[in-house]
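Hi everyone, thanks for making time. I'd like to walk you through some helix packing and one pocket, so have a look at the model first.

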Amino acid sequence: MISKFKLHLLGWVTLIVFPIPAYFAVHYFKDVQWETFIQLDKIAPIPLLYGLEFGIIYAFLASVILKAPIFKSVPLGIEQLIKGLKINFIDAIFLSLCAGIGEELLFRSGMQTFFGVWITSFVFVAIHGYFSIKNFKKSLYGLVVLPFIILISFGYEHFGLWFSVAAHFSYDLVLFVAMIAEKDD
């Protein structure tokens with residue numbers, strides 16, 4: 001069991017440390033400057049709102065799919081972790097922001113620059129542990145998440161980084177809130 005302190009520390013590491021190797025790689029190999037890497041000049045209401053909306057809709061869709069009987073016996077690491085902790089809504093917002101920003105900088109602004117949408121999306125889902133050779137049902141969950149990641153990857157290409165950050169943030173937040181609500185039942 002991980003402590004709440006360690007979970008928050010992991011959030012900070014995701015937010016601050018994950019983007020560093022991605023930035024240095026794109027800076028060194030593609031001469032991308034920090035301002036271009038983080039795309040602060042491209043933060044705009046419409047892509048942010050599209051991203052938030054897309055993440056919320058997909059999270060609700062995924063939560064409906066995950067209620068299917070086949071998923072009842074699938075041990076998902078983050079779900080087990082959250083149910084064992086006493087996190088609240090503020091914790092959920094913090095962790096969702098950390099993952100949304102840190103992971104999207106690493107995968108979209110970093111890795112996707114080199115490997116494109118498809119490979120980066122597959123690696124993203126695989127690194128999160130949602131593909132398993134030993135557990136077919138866990139891989140089914142990966143197939144539920146993979147289209148979301150592919151779509152936010154294409155969204156990154158069309159709308160920019162902050163669309164992807166907003167979508168990732170809202171997706172995680174909806175699922176965190178659902179897990180918190182289930183834990184309280």
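Let's start with helix H6, residues 89-127, and helix H7, residues 136-159. In this predicted model, H6 and H7 pack at an angle of about 140°, and their axes are 9 Å apart. Roughly antiparallel needs an angle over 145 degrees, so this pair counts as oblique. The crossing of H6 past H7 is left-handed.

Who makes that contact? On the H6 side you'll find Glu104, Arg108, Ser109, Gln112, Val117, Trp118, Ser121, Phe122, Phe124 and Val125. H7 answers with Gly142, Val145, Leu146, Ile149, Ile150, Ile152, Ser153, Phe154, Tyr156 and Glu157. Sorted by class, that contact has 12 nonpolar, 5 polar and 3 charged residues.

Next partner of H6, please: helix H1, residues 4-16. Here the packing angle is about 30°, with 7 Å between the axes. Angles under 35 degrees count as roughly parallel, so H1 and H6 earn that label. Their crossing is left-handed. From H1, the residues in contact are Lys4, Leu7, His8, Gly11, Trp12, Thr14 and Leu15. They meet Asp91, Phe94, Leu95, Cys98, Ala99, Ile101, Gly102 and Glu103 of H6. The class count for this contact is 8 nonpolar, 4 polar and 3 charged.

Now helix H2, residues 19-30, which also packs on H6. The angle is about 25° and the axes lie 8 Å apart, which makes H2 roughly parallel to H6. The crossing of H2 and H6 is left-handed as well. H2 brings Pro19, Ala22, Ala25, Val26, Phe29 and Lys30 to the contact, while H6 brings Gly102, Leu105, Leu106, Ser109, Gly110, Thr113 and Phe114. That divides into 8 nonpolar, 4 polar and 1 charged. If you're keeping a list of shared residues, Gly102 of H6 touches H1 and also H2. Ser109 of H6 is in the contact with H2 and in the one with H7.

Ser109 takes us to my last stop, the second largest pocket, since Ser109 is one of the residues lining it. What volume does this pocket have? About 160 Å³. Along with Ser109, the lining is made by Val26, Val32, Glu35, Thr36, Phe37, Gln39, Asp41, Lys42, Thr113 and Tyr156.

Which element gives the most to that lining? That's H3, with 3 residues. Helix H3 covers 34-38, and together with H6 it makes up the elements that give two or more residues. By class, the lining has 4 nonpolar, 4 polar and 3 charged residues.

Some familiar names turn up there. Val26 and Thr113 line the pocket and also belong to the H2 and H6 contact. Tyr156 lines the pocket too, and we met Tyr156 in the contact of H6 with H7. That's my tour, and I'm happy to chat about any of it.

Key: Residues are numbered from 1 along each chain as its sequence is written. This is a predicted model: local features need pLDDT of at least 70, side-chain atom pairs count only at pLDDT 80 or more; totals for chains, interfaces and linings use all residues. Side-chain values use heavy atoms; hydrogens and water are left out. Axes are lines fitted to C-alpha atoms, for helices over the stretch in contact, and angles run from 0 to 180 degrees between N-to-C directions. Helices (H or I, at least four residues) and strands (E, at least two) are DSSP runs, numbered from the N terminus. Angles under 35 degrees count as roughly parallel, over 145 as roughly antiparallel, 65 to 115 as roughly perpendicular and the rest as oblique. A crossing is left-handed if the near helix is turned anticlockwise from the far one by less than a right angle, and right-handed if clockwise. Contact means heavy atoms within 4.5 Å. Ala, Val, Leu, Ile, Met, Phe, Trp, Tyr, Cys and Pro count as nonpolar, Asp, Glu, Lys and Arg as charged, and the others, Gly among them, as polar. On a 1 Å grid over the protein atoms alone, a cavity is a set of points where a 1.4 Å probe fits but cannot get out, and a pocket is an open set with protein on both sides within 12 Å along at least five of seven lines; lining residues have an atom within 4 Å of a point. Grid points are joined across faces, edges and corners, and a volume is the space filled by probe spheres set on the points.
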